[in-house]
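Colleague: Could you take me closely through one part of this protein, the aromatic residues that pair with one another, and then set that part against the chain as a whole?

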Amino acid sequence: MSDGTANGAHERTGLLSFTEDDDSRKVVDFTDWDEEDPRNWPKSRKLINVGIIALMAVLSPLASSMFTPGIAQIAQDLNSSPDQVVGATTGFVVFLGIGPLILAPLSETFGRRKLYLICFSIFALLQIPTALSPNIGTLIGVRSISGFFGSVGIANGGGTISDMFHPSQRAGIFGWYLLGPLLGPTLGPLLGGVFVQYLSWRWVFWFLTIICTFNTILGFLFLKESYAPTILETRKQKYEESEGGKFRIANQDDRPFWTKLISSMQRPLRILFTQPIVLTMAIWQAILFGTTYSLYTNFEAIYGSNGYYGFSTTQVGLVYLGPGLGFFICVWFIVPKIDTIYNHLTKKHGGEAKPEYRLPLANIGAVLIPISLFWFAWTVEYKVHWAVTVLSTVFFGLGQITILNTAQNYYIDSFQKYAASAIAAGAVFRSIVGGIVPLFATQLFQQVGYGWGVSTFAFTSLALSPAPLLFFYYGERIREAFAIDL
């Protein structure tokens, strides 16, 4: 039996107990092998949940970049300029970052499943007016709103995985899930290029309507609630109806509903601006996303028919497979080692696990990101064979995944029950920067060339490269110095 002091979803204790304080209500909690505990679900059940939310996490970033091969076509069709069309990407990506600030804490109040289904249903429906956009204002406005609702997979995916998997098992699964936010922008232009070249840019959004609707239906049929407090709240209500009397869930927050809601809405920003490690890693991720979208929105100018290499629209789409290949290599060979190193260091230190044990492999990304960006910058500047330039993007993709994976796992281990809010704290910064920077990147490249233009991003990432090493040795001290009550 529990003594009523279990740590919510993360310490698995007794099913029912009487408290030893003045609160006479029975405590509802999970037993050690409770079948309703998401961490005790069969692996197949867990992977179905992961698959559905991973597809959500792929589709919204896919929508962010899928129409980029058709920028010129959209500008001509809607009587606007290419820069205005890029604004449709900016609006989408910025709201893709703002969304988690609201949707992540809401999932920690109302549960994961409800948020997934409501938000992704709206996201799927919003693809219809996007496809029918009569002018550039409508396109930018509707895409911005859809970015907000489409962020639900990014906002809550890490929290959902934390709900279902123990820390020693988490990184490998999380690595495959995390391909979504990066692989989406990579595959988007490849698929979009086919639609733009052979149909029209509007078919990009009809395709998104179909596939997002399909994923939403899968969610209604197969997605299960994984947030332990929500599951326990349902169990509590059943006990009260069937047995009478009063019950409470372990560590129940008895504050008024609106007080709890306001507190949860403030949580991501409190984490972001009071935790130096989270802020630093968020800035680093923001630079990576800003760099990624700046390069992606300029691939057509570099490789297209009017660029340095004279590729067709479909061929330009294939260039995006460079970083995609790096993503897969990293997830397949490197990301599983995050758990291996974490478990090794935990065992080495007498079974005491620390979030900092997730960070050693981030040093691979710290080295590869600036090297690959300098490589890309100057091979493009001097018009070296296209294969050499594309090869650099493979290593850029590899570096991205190592940094993003280690940072996200660090957030989850540090904040556990509020993992979704911690991830949202990093997501908002990276998405806003990732959305705004491309607006200025094109002008930068035009003024100073691709050599010095892309090198600007390389120098910035180089300045942050010591962060994983510093946080590995001093992270615990920093966390203790800036500890907050969430």
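Modeller: Phenylalanine 299 has a relative accessibility of 1%, and because anything under 20% is called buried, this residue counts as buried. Phenylalanine 376 also has a relative accessible area of 1% and is buried. Please keep in mind throughout that this is a predicted model.

A search of the whole structure finds 22 aromatic pairs, and phenylalanine 299 with phenylalanine 376 is one of them, with ring centres 6.1 Å apart and planes at 45°. Two numbers are given here because a pair of aromatic rings is described by the distance of the centres and the angle of the planes. An angle between 30 and 60 degrees falls in the tilted class, so the pair of phenylalanine 299 and phenylalanine 376 is tilted. Phenylalanine 299 belongs to helix α12, residues 299-303, whereas phenylalanine 376 belongs to helix α16, residues 362-381, so the pair ties together parts that are 77 residues apart in sequence. Tyrosine 309 and phenylalanine 311 form another tilted aromatic pair, at 6.3 Å from centre to centre and with 50° between the planes, and both tyrosine 309 and phenylalanine 311 are buried.

These residues belong to a wider group, for ring pairs link Tyr296, Phe299, Tyr303, Tyr309, Phe311, Tyr320, Phe376 and Trp386 into a cluster.

Aromatic rings also meet charged side chains in this model: the charged end of arginine 358 sits over the ring of tyrosine 342, at 3.8 Å from the ring centre, and lysine 383 lies over the face of tyrosine 308, at 4.4 Å from the centre of that ring.

As for the chain as a whole, 58% of its 486 residues count as buried, and its secondary structure consists of 19 helices and 3 strands. Among contacts with a separation of 6 or more, 78% are between residues 24 or more positions apart. The accessible surface comes to about 19,400 Å², and 65% of that area belongs to carbon and sulfur atoms.

One further helix, α6, is worth describing in the same detail. Helix α6 covers residues 152-164, and 13 of its 13 residues are buried, so α6 is largely enclosed by the rest of the structure. At 1.5 Å a residue, the 13 residues of α6 should span 18 Å, and the C-alpha atoms at its ends are 18 Å apart, which agrees. Helix α6 nevertheless bends by about 25° at glycine 158.

How values were computed: Residues numbered from 1 in each chain as written. Predicted model: local features only at pLDDT ≥ 70, side-chain atom pairs only at ≥ 80, totals over all residues. Heavy atoms only, no water. Helix = DSSP H or I, 4+ residues; strand = E, 2+ residues; numbered from the N terminus. Buried < 20%, exposed > 50% of the residue type's maximum accessible area, 1.4 Å probe, protein only. Contact = heavy atoms within 4.5 Å. Areas by Shrake-Rupley, 256 points an atom, 1.4 Å probe, with all protein chains shown as cover. Expected span 1.5 Å × (residues − 1). Bend = angle between axes of the 7 residues up to and from the residue. Phe/Tyr/Trp six-rings, centres within 6.5 Å; stacked < 30°, edge-to-face > 60°. Lys NZ or Arg CZ within 6 Å of the ring centre and 35° of its normal.
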